[in-house]
Structures are given as C-alpha cells and as structure tokens.
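Student: I would like a close look at a single part of this model, with the reasoning set out as you go. Could you choose one helix and follow it into its surroundings?

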Amino acid sequence: MTAEVDHAALFATVPTPCLVLGPDLVIVDVNRAYLETTGRTRDGLVGRHISQAFPDNSGDPDADGVGNMNASLRRVLATRRPDTMPLQKYDVPVPHRPGISEERWWSPVNTPVLGPDGQVTWIIHRGEDVTAFVKAHQATRPAGVRVGEKLEATESLEAELYARARELQRLNEELRQAHTREREVAVTLQEAMLHTPDLAHHSQDVVVRYQPAVGSLNVCGDWYDVVDIPPDQLALAVGDVIGHGLQAAAVMGMLRSARSIDDALGTTAVKAIVDRRSQLITYSSAGHLPPILVHTDGRTELLDQATDPPLGARPQHVPRPQASLHYKPGDTLVLYTDGLIERRDEDIDTGLNRLIDTLSECSRLGPEQVADTVLARLGVAGGGRDDVALVVVRL
C-alpha cells in the first residue's frame, strides 16, 4: 500500500521557491524557500497581486520584470498550458529599506492547475534564483568582448538555463500527477464509503450532495448518512473529520458505522432523528454547525440547543445533550458541513447568514432545486476550497 504523502508539508519544504496564484493573479500561498530567497514574510505576500508584491525596480529605467511576468501569466490563463520564461532580471526590494532593490536573476516557469471544468484554478509560479550563476558567468567574460560575442554568450547562458527549467518543469509535472492520483483514490474511496442504501427509498424527499475540494490535491473527511428506523423514523447525520487525504477518508468511513474511533479526535458531527408520526425532530451536535429547519413561509430555525464539544474532546465518555422541536408537513430540514459556508476572508456567521437567506428564499422549491440553488448561491457549485456535504430533507 502506498504511503500517504502530506502535500502541504511537501510544498512548504520543497527547496525550489514557489508561489501559488489565483486566476486574478493574487498570491494565495508561498513556500518557505520563496520567503527565504526573497527575504519577505508570508503576511507581506499572501493576498496581494503579484505585481504589487514585486513591483519593478524604480531605480532601473530598463526594468521590465512586471510586464514580462504578467504577459507570461496571461498566456497561462489563455492557453491553460505551462509557460517557461527566458532568463529574467527581476530585482527584489530590500526589506526595511524603502526604494532600494537588490539585483536578482531568475529562471521562471508558470504552470496552471486545472479544475474539473478545465479552467485554470491556480497557477504555480516557480522562480529558480540563478543570480549567483549569472554573476559568475559575467565575471569570467573577457574584458573588451565584442557585441556579437556578448549576445552569443547571453544566448548560451539562456539555453543552459532553459534546459534546467525544462527538467524542473518535467519533475514538477510528475509530482502534480502523483498528487492528482492520490486525490482520485481518496475521492473514489469516499464515494464508495458514502454509499447509503436507504437513500434509494427517499428519492422524492431526501437529496444529498457531496463536493470534493477543488484546487487542493487532498480531500477531506466530510460525510453524510441517511438511515431508516422502522416504522416511522429517519436518522440523518453529517460530519467532518479533521485532516486530509486517505487517512481522513478512512476515518470518515469507520465513523459512519462505529461513531467512536481513536483517530477521530476533534471530529465534528450532528445527528437528527425525524419522527414522522409525531412530527418531531430530535437532534444532538458534537461541535458541528447547526442544521436549519425551513418553514414553508420562509421562516428558519437553527437547531442549536443541543451543542457539545467535538468527538474525542472529553477524556471520558458522558451522555451528550439532545433537544427536540416540532415541524409541519412541507417544512425542509438542511444539514451541511463547514465547507458550504466557511470562507477564509470573512467571519463564519456571514456565510451562515448567507445560507439562511438563500434557504428562506427557496423554501417552496423541491429538495433537488433547493440543493442546487444553495450550492450555486454560496459559490461552490463547482467545488470550493474545502469539501462540502449537504443533506436536504422535505418533511
């Protein structure tokens, strides 16, 4: 069995300086080698447009690094293919010395990461710092060299650097394919374990959606469950295993059947029992986001009166609290995981309120339409930064 690879740690420690850009060319991630090479901090780069983070050297009237870099990145967005730039002089600002830049030479390659729709989701910018190599080459050039010889030497240097860049590009592509294969294995494993036989009995009143994370080479451990309890009850659950990759997916599968696993420390989950005879919902939450009951008139209620710490947070097992509320026929119950509403740049309550408003507006739609509308309105119809599990039940 292939050992699990921690790709986040791998990216952080890979010795080649790398940035990750969004399609808007805003920096979303940076590895340690890049910070060390440029003398910058993560907070000073992430969230900034690349041309703002690294402007042209104001003291060099011939500086063209920003224009060349933007042109390369635009080619990547347009063609969805890697773009290897020629040898590039792109000076770097000296930290704590405003207006002062240090001469740097780079061998850059910009590589797209495509989403399920075939569009560019991320761009990996890899910049090999070859300043020492260039200066050593310049130092060995004989004095009084003619222009033609100077051009020939420059072309020879670029050819050598281009060959090195192509080799690095090949290795990076192999690494990306390995990441993709692991993600495909984990997604397949999740789909197999999320198979819910009882769901087939509820084709008209229960709809589930599972969206793997996009832009990440790992998947997480989000899960859902739908179980009939004869004669008139229906058990519903969603949960989120902390972690990524195959281990999280495996723990998720065990939790769905056992509910108590050593590796599930910090896992959140919520479970609800719908009693159709008494029209009563009984629920309990282990640190999870509250389900939402949507009435036919658009009013909403949060199921947040029985919340406890996540699974494994207590050293000893104690009974968890539970609460109940009545519903009316035609109401809709919605369970979900945090990938649906959580965004890196905003408070989670903002996302929760966005979900509540959306559900209120589509309270009279069928479960299929509700699920599709929610995913679209919250911007995760094609996947998001985190996994999304969604269960919509027409009561």
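Tutor: What follows is a reading of helix 5 and of the loops around it, with a few other backbone details added at the end. The model is a predicted one, and everything below should be taken in that light.

Helix 5 covers residues 65-79, and its 15 residues, at 1.5 Å a residue, should span 21 Å; the C-alpha atoms at its two ends are 21 Å apart, so the expected and computed lengths agree. Which residues of helix 5 are buried? They are G65, V66, M69, S72, L73 and V76, where buried stands for a relative accessible area under 20%. When one looks down the axis of helix 5, these buried residues fall within an arc of 135°, and therefore they line one face of the helix. The elements that cover them include strand 1 (18-21) and helix 4 (50-53), together with strand 3 (83-84), strand 4 (88-89), strand 7 (105-114) and strand 8 (120-129).

Just after helix 5 comes R80, with a positive phi of about 60°, and this residue sits in the loop that runs between helix 5 and strand 3. Most residues other than glycine have a negative phi, and most peptide bonds are trans. R80 is not a glycine, yet its phi is positive. With a relative accessible area of 38%, R80 is partly exposed, since that class lies between the limits of 20% and 50%.

Strand 1, one of the elements covering the buried residues of helix 5, leads to a second case of this kind. L25, in the loop between strand 1 and strand 2 (27-30), has a positive phi of about 65° although it is not a glycine. What is the burial of L25? Its relative accessible area is 0%, so L25 counts as buried.

Two further loops complete the account. I100 is placed in the loop between strand 5 (92-93) and strand 6 (101-102), and it counts as partly exposed because its relative accessibility is 34%. Leaving aside residues up to four places away in sequence, I100 touches V92, P93 and V94, while its C-alpha atom is separated by 8.0 Å from that of N57, a residue 43 positions away along the chain. Finally, the peptide bond from P230 to P231 is cis, with omega near 5°, and P231 belongs to the loop between strand 10 (221-229) and strand 11 (233-241).

Methods
Residues numbered from 1 in each chain as written. Predicted model: local features only at pLDDT ≥ 70, side-chain atom pairs only at ≥ 80, totals over all residues. Heavy atoms only, no water. Helix = DSSP H or I, 4+ residues; strand = E, 2+ residues; numbered from the N terminus. Expected span 1.5 Å × (residues − 1). Buried < 20%, exposed > 50% of the residue type's maximum accessible area, 1.4 Å probe, protein only. Arc of directions from axis to C-beta. Contact = heavy atoms within 4.5 Å.
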